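Me: Hey, can you walk me through this one? I'd like to go strand by strand.
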Amino acid sequence: MDELEMSVEGFAERFDRGSRPPCQLYLISPQDVGGAFPDRLRVALDGGPVAAFQLRVKDVEQHELVRLAEPLQRICGDYDVAFIVNDDMSLAKRLGADGVHLGQKDGDIRDARALLGPAVQIGRTCHDSRHLAMEAGEAGADYVAFGAFYETTTKPSNYRPDPSILSWWATLFEIPCVAIGGITPENAPPLIAAGADFVAVCQAVWGKDDLGAAVAAFNEVFAGS
């Protein structure tokens, strides 16, 4: 397969593989994003650079999700953070989101591209599969996500890829790869060294008392890698 070219602008285009910058943080929301959560998001983003924020809220009607999403999307815009919608391409379209992340059962990448246009980032969950990742790249995904690398309570998974899958992808393809699943500042270094362009985290930030310090801890690891 030919090297896959990044096709659109956005957080996935923030690096040049020839002069690769440090790994970056991809922040996933908790289930509860109402109430004071917008303030919590600002505190987290004050802690340091974040490449993307994914709205991952399950079993909530779309109209209510739009209401919850709008202040978070504005905050992401204030901090130059890509705003990504999990699973739902119609919600991404309605919000004018920067991107959508699709699981294996959440629709076809080509359909998402037709609906959302060329400027929207489309990511695909690929678990521990090189085959699924190559299929995603051929279909026009802007990034692929591998995991869960460690035990996680956010989205329990029986998949446990070896970090070498990140090295394989980074060596052969230009599309960024995201490592996900139970990642903390302490266990992130092997994934970064293997070639992760982004690490996706949830409880490693939202489960902490000091959100800004949690984000800062990841950026310290990235800077030292």
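Me: What do S5, helix H5 and S6 make?
Reply: S5, helix H5 (residues 130-139) and S6 make a right-handed β-α-β unit. Right-handed means that, with the strands pointing away from the viewer, the path from the first strand over the helix to the second runs clockwise. Helices (H or I, at least four residues) and strands (E, at least two) are DSSP runs, numbered from the N terminus. Keep in mind this is a predicted model, where local features need pLDDT of at least 70. Residues are numbered from 1 along each chain as its sequence is written.

Me: Ok, S6 then. Is it buried or exposed?
Reply: Buried, meaning under 20% relative accessible area with a 1.4 Å probe, protein chains only. 5 of the 5 residues of S6 (residues 143-147) are buried, so the strand is largely enclosed by the rest of the structure.

Me: Which way do the residues of S6 point?
Reply: Tyr143, Ala145 and Gly147 point one way, and Val144 and Phe146 the other. In a regular strand the side chains alternate between the two faces of the sheet.

Me: And which residues stand opposite alanine 145?
Reply: Threonine 125 is its bridge partner from S5, and valine 178 stands opposite in S7. S5 (residues 121-125) runs parallel to S6, joined by 3 bridges. S7 (residues 177-180) also pairs with S6 in the parallel sense, over 4 bridges. Two strands count as paired if DSSP finds at least two bridges between them.

Me: New topic: where does pLDDT stay under 50?
Reply: Over residues 1-10 and residues 14-18. pLDDT is the predictor's confidence in each residue, from 0 to 100, and the chain averages 91. Where pLDDT is low, the predicted coordinates should not be read in detail.

Methods:
This is a predicted model: local features need pLDDT of at least 70, side-chain atom pairs count only at pLDDT 80 or more; totals for chains, interfaces and linings use all residues. Side-chain values use heavy atoms; hydrogens and water are left out. Buried means under 20% relative accessible area, exposed over 50%, partly exposed in between (1.4 Å probe, protein chains only). Contact means heavy atoms within 4.5 Å.
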